[in-house]
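Q: Can you go through this structure with me? I'd like to take it one topic at a time.

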Number of protein chains: 2
Amino acid sequence: MALPLIRKFENYVQLSDIEKRSLMQAEAHIQDVEARCDIIRERQEIEGATLVLEGFACRYRLLPDGRRQILGYMLPGDMCDPRIFLLDRMDHSIATISRTKIAIWPRKSVLGLTSLHPRITRAFWWCTLVDEGIAREWLVSLGQRTALERLAHLICELYHRLKAIDLVTANGFDFPVTQAELGDTLGLSAVHVNRTLQDMRRERLVRLAGRRLTVLNLEALSTIAMFNPDYLRLGRTRAARPVGRREKAE
Amino acid sequence: MALPLIRKFENYVQLSDIEKRSLMQAEAHIQDVEARCDIIRERQEIEGATLVLEGFACRYRLLPDGRRQILGYMLPGDMCDPRIFLLDRMDHSIATISRTKIAIWPRKSVLGLTSLHPRITRAFWWCTLVDEGIAREWLVSLGQRTALERLAHLICELYHRLKAIDLVTANGFDFPVTQAELGDTLGLSAVHVNRTLQDMRRERLVRLAGRRLTVLNLEALSTIAMFNPDYLRLGRTRAARPVGRREKAE
DNA sequence: CGACTATTTGATAGGACTCAACCTCCGTGG
DNA sequence: CCACGGAGGTTGAGTCCTATCAAATAGTCG
């Protein structure tokens, strides 16, 4: 059941068949969740690690007055947080964007995997590093980039992440995010997202219709966004490992 | 030499004397750095873990056209990243704000500590969790909060973090950050930071003069910022541990 | 005291927001 | 099969928050 996760892990480490099998067979509750439902709520006690198998989800935080900031998107293969053995409660919520299939790994299941397989542990750490890289990039977007640049950057990010899990076909992908949600992601109003999107269409950068986003000019989009995909570490295992530096320890 | 770090760790875990001694005696290069110098540059190879002992530093990222976003502040006891054994290169830079004393732990020194002392490892993970919590809070600020709210939130964050390491006296602290740097932190222009700061002075929220920031009304500041310090996990070990949940493993 | 660097002030412009209405697409149900 | 309703998308008008540019003032350090 953990196929998308394994594919993701293989960006960071090489897994043995035994490790793959352990991941596939780890105890997990599979669950289908409707679109726009909370999977985990802020302050809720953490029971296990949540893994997205299909669909889009997002992390978000609400301010007391109702303003919402989306903190990141979770695509197939993404996990809420492997460090569940430390945290007792969530400090943000996770909700589905589209209809989603998730797996919930009980705490002990994760602990079992990590204590038996150092390479799996290592892959988990990699995930946290990449997530942090993404968060940093979002900080740069929200702090420095204009509306057009932000939107372009987000599209580039999702394009690359989805491509890495073979969810891009004909330069396009399923994109269930509403303009209101994009607004909460990019720190913009839905109206302004709409107008920015129209600019992009006018410039033949993207086509967006019927929940499908097609990238018409990735080059131009990347330039506008000042996008560099390195931080996503999608280069397949080899490229991601240090070169010319022998290291043994864990 | 690692005193501020030990104090910080004790927010998250209880350390034995042996562990404290190991931290104190770990091989480290102590170094003084001028104000406004890069300690680590983007793309630079990582040699070890950098620990701030005295002074202010910050992480930042530059866009090709010169725009800069500050990603976080590093105060005494803060480390650049304990996960250096994974990463080969930095994807952002670290610079001093004030004159700073730092310690650089060689890779093997960190690996030694973590392999011998699981509680130290655990404390390291806690640090990464808190850093991520801070980053999330910044995302909310940049995405949703107004200039006044952002500034108020940042001041609250720094107040609490500095208080936890006894660097707050008479409700004030040394604050070497320029208004231009605040602008790069909050996604605002320096001019607008200046005006916002004046609003705060007018409202008797803070006093800021001669590199010293005094919080005159923390209550009001926290309300404006919608600030809740929980995410900093400064509650001293007991409060930070889960209640009513026995757990043994790592 | 001079040369910077940092802060402050004023004037003007513009990006993004709000409000409000209207349109479009779909799924539901009569 | 078409009317209805709601969610999401689009448009227009007016406003406000924040940026820019420019210049003056205050601080700091050798």
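A: The topics are the two chains, the two DNA strands and two residues of chain B.

Q: What kind of model is this, and how are things numbered?
A: This is a predicted model, in which local features need pLDDT of at least 70 and side-chain atom pairs count only at pLDDT 80 or more, while totals for chains, interfaces and linings use all residues. Residues are numbered from 1 along each chain as its sequence is written, chains are lettered from A and ligands numbered from 1 in the order in which they are written, and side-chain values use heavy atoms, with hydrogens and water left out.

Q: OK, chains first. What rotation superposes chain A on chain B?
A: A rotation of 180° with 0.0 Å of shift along its axis, giving an RMSD of 0.0 Å. That is the relation of a two-fold axis. The superposition is by least squares on the C-alpha atoms of residues with pLDDT of at least 70 in both copies.

Q: And what share of the contact residues of chain A recur in chain B?
A: 100% of them recur, and the same surface serves both copies. Contact here means heavy atoms within 4.5 Å.

Q: How many residues does the contact take from each chain?
A: It takes 55 residues from chain A and 55 residues from chain B.

Q: What about area?
A: Chain A and chain B bury about 4,800 Å² between them, with 56% of it on carbon and sulfur atoms. Buried area is the accessible area (1.4 Å probe) that two parts lose on being put together, summed over both.

Q: Which residues in chain A lose the most area to chain B?
A: They are A:Leu86, A:Leu139 and A:Gln144, together 16% of what that side buries.

Q: Now the DNA. Which residues come nearest to strand C?
A: Of the 16 residues around DNA strand C, the nearest are A:Ser189, B:Gln179, B:Asn194, B:Arg195 and B:Gln198. A residue is near a strand if one of its heavy atoms lies within 4 Å of it.

Q: Which part of strand C does the protein meet, backbone or bases?
A: Of the strand C atoms within 4 Å of the protein, 63% belong to sugar or phosphate and the rest to bases.

Q: Which residues have atoms by the phosphate oxygens of strand C?
A: A polar backbone atom of A:Ser189 is 2.8 Å from one, and an N or O atom in the side chain of B:Asn194 is 2.5 Å from one. For B:Arg201, the side-chain distance to a phosphate oxygen is 3.1 Å.

Q: Where does that surface come from?
A: Helix 7 (190-202) of chain A and helix 7 (190-202) of chain B each supply at least two residues of the surface near DNA strand C. Helix 7 of chain B gives the largest share, five residues. Helices (H or I, at least four residues) and strands (E, at least two) are DSSP runs, numbered from the N terminus.

Q: And strand D?
A: Among the 16 residues around DNA strand D, A:Gln179, A:Asn194, A:Arg195, A:Gln198 and A:Arg211 come nearest. From a phosphate oxygen of DNA strand D, a polar side-chain atom lies 2.5 Å away in A:Asn194 and 2.4 Å away in A:Gln198. The side chain of A:Arg201 has an N or O atom 3.1 Å from a phosphate oxygen of this strand.

Q: Which helix gives the largest share of the surface near strand D?
A: Helix 7 of chain A, with five residues.

Q: Switching topic. Is B:His92 buried or exposed?
A: B:His92 counts as buried, because its relative accessibility is 3%. Buried means under 20% relative accessible area, exposed over 50%, and partly exposed in between (1.4 Å probe, protein chains only).

Q: Where is it in the chain, and what polar contacts does its side chain make?
A: B:His92 is in the loop between strand 5 (68-74) and strand 6 (93-96) of chain B. Its side chain makes polar contacts with the side chains of B:Arg59 at 2.9 Å and B:Asp91 at 2.8 Å. A polar contact is a pair of N or O atoms within 3.5 Å; within protein, one must be able to donate a hydrogen and the other to accept it, and residues adjacent in sequence count only if both atoms are side-chain atoms.

Q: Last one, B:Arg89?
A: B:Arg89 also sits in the loop between strand 5 and strand 6 of chain B. At 37% relative accessibility, B:Arg89 counts as partly exposed. Its side chain reaches the backbone oxygen of B:Arg43 at 2.9 Å. Leaving out residues up to four places away in sequence, B:Arg89 touches A:Arg233, B:Arg43, B:Gln44, B:Glu45 and B:Ile46.
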